[in-house]
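Please open the model in your viewer and keep the sequence panel beside it. The tour below goes from one selection to the next and says what is found at each stop.

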Amino acid sequence: MRMLAMPARKIPLSYRNITGHVHSNKSDEYTHFESGLERKALLLCEFDDQIEKFKTQPRRFEFIHDGKKRHYTPDILIKFKDGRLLYIEVKYRSDLKKDWEKLKPKFKAAIRELKSEPNTRFRIWTEQEILSPFLQNVTFLLPYKNRPFEKYQLATIQKILSRGQPTPINELLALCSTDEMEQAEFLNTLWYAVANQLVTTDLSTPLNMNQLIWVKPEYSKDENNE
């Protein structure tokens with residue numbers, strides 16, 4: 001499967017929806033979006049630890065409908081770390097309902113063609129799948145991905161977490177420093193670490209100061225071998 005090819009469909013200018021592109025660490029090119037909902041779906045892909053890579057406008061499916069040649073391009077292709085591939089169409093539920101008769105032949109064509117490809121599926125994501133506490137959390141964390149931080153603070157956080165069980169954020173900050181101002185600085189560094197998946201927490205529930213944080217297993221092994 002070619003994940004690096006150019007988009008199969010050019011993103012048009014839109015006066016109804018938000019269009020644009022964002023940089024991703026999981027894609028070798030800018031990822032394009034055609035709506036606010038699609039941009040949010042890309043955020044989910046960027047922060048989902050099970051996803052290795054993803055690409056927008058990945059492939060064109062050709063099919064015949066009403067005696068005419070037609071084509072369809074899904075919004076996103078996801079490659080999971082376990083090798084599974086998932087083609088995603090992102091649609092608001094109201095648009096899906098309104099345009100279902102026009103969309104159904106396109107979706108059926110994609111599903112039919114993908115049946116012969118192992119470990120490959122097609123899914124529709126609406127706001128029901130996308131709008132979630134996970135999305136709220138990653139939207140909050142996004143600005144921290146490239147924010148400056150003190151390296152010694154990150155090392156301190158990782159060292160503390162590597163020596164024990166998952167720790168609530170407020171307890172972790174107390175172990176890092178007894179000074180409230182310095183604890184605030186450590187908190188910024190902690191959000192940087194979470195945003196860049198250097199430490200781990202459950203992002204499926206709303207973030208709070210009692211949230212458990214733990215170190216990534218590979219870091220813990222390295223620390224214990226020193």
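Two strands are taken as paired if DSSP finds at least two bridges between them. In this predicted model, that rule can be tried out on β9 and strand β11 (residues 212–215), which run antiparallel and are joined by two bridges. Select proline 168 to see one such place, where leucine 212 in β11 stands opposite.

**The three-stranded sheet**

Now widen the selection to the whole open sheet, whose three strands follow the order β9-β11-β10 with antiparallel pairing. At its edges are β9 (167–168) and β10 (199–201), each of which pairs on one side only. Helix α6 (residues 151–162) packs on this sheet and touches β9, β10 and β11, while its direction makes about 95° with that of β11.

Return to the pairing on the other side of β11, where three bridges join β10 to β11 and the two strands run antiparallel. If you pick threonine 200, its bridge partner in β11 is tryptophan 214. Colouring β11 by face is also helpful, since Ile213 and Val215 make up its covered face, whereas Leu212 and Trp214 make up the uncovered one.

**The two helices beside it**

Add helix α8 to the view: α8 lies across β10 and β11, and runs at about 85° to β10. How far apart are the axes of α6 and α8, and at what angle do these helices pack? Their axes are 9 Å apart, and the packing angle is about 75°, which means that α6 is roughly perpendicular to α8. To display the place where they meet, select residues of α6 including Tyr152, Leu154 and Ile157, together with residues of α8 including Phe186, Leu190 and Ala193.

**The nonpolar cores**

Next, show the largest nonpolar core, which has 41 residues; Ile76, Ile78, Ile130, Ile157, Leu190, Val194 and Val199 are those with the most contacts inside it. Helix α8 (residues 180–195) gives the largest share of this core, eight residues. Colour the chain by domain and the setting of the core becomes clear: domain 1 (20–131) and domain 2 (136–214) both give residues to this core, so it lies between them.

Within that core, centre the view on isoleucine 78 and, leaving aside its neighbours within four places in sequence, look for its contacts, among them Cys45, Ile51, Phe54, Leu86 and Trp125. A second core, separate from the one just visited, has 13 residues and includes Phe61, Phe63, Leu77 and Leu114.

**The four-stranded sheet**

Move on to the open sheet of four strands, which has the order β3-β6-β7-β8 and mixed pairing. Because β3 (51–56) and β8 (120–125) stand at the edges, each with a single partner strand, one side of each is left without a neighbour in the sheet. From one strand to the next, the twist averages 25°.

In the middle of your selection, look at strand β6 (residues 76–80) and strand β7 (residues 85–90), which run antiparallel and are joined by four bridges. Isoleucine 76, named above among the core residues with the most contacts, stands opposite isoleucine 88 in β7.

Two helices can then be added to this sheet. Helix α1 (residues 36–47) lies across β3, β6, β7 and β8, running at about 155° to β3, and helix α3 (residues 100–114) lies across β7 and β8, running at about 160° to β8.

**A residue in a loop**

For a last close view, select glutamate 34, which is found in the loop between β2 (31–33) and α1. Is glutamate 34 buried or exposed? Its relative accessibility is 17%, and therefore glutamate 34 counts as buried, the cut-off for buried being under 20%. Include threonine 19 as well: although glutamate 34 and threonine 19 are 15 residues apart along the chain, their C-alpha atoms are separated by 4.3 Å.

**Zooming out**

Finally, display the whole protein chain, which has nine helices and 11 strands. Of its 226 residues, 42% are buried. Among contacts between residues at least 6 apart in sequence, 60% join residues at least 24 apart.

Notes
Residues are numbered from 1 along each chain as its sequence is written. This is a predicted model: local features need pLDDT of at least 70, side-chain atom pairs count only at pLDDT 80 or more; totals for chains, interfaces and linings use all residues. Side-chain values use heavy atoms; hydrogens and water are left out. A nonpolar core is a set of buried Ala, Val, Leu, Ile, Met, Phe, Trp, Tyr and Cys residues joined through side-chain atoms within 4.5 Å. Buried means under 20% relative accessible area, exposed over 50%, partly exposed in between (1.4 Å probe, protein chains only). Domain bounds come from an automatic or database domain assignment. Contact means heavy atoms within 4.5 Å. Axes are lines fitted to C-alpha atoms, for helices over the stretch in contact, and angles run from 0 to 180 degrees between N-to-C directions. Angles under 35 degrees count as roughly parallel, over 145 as roughly antiparallel, 65 to 115 as roughly perpendicular and the rest as oblique.
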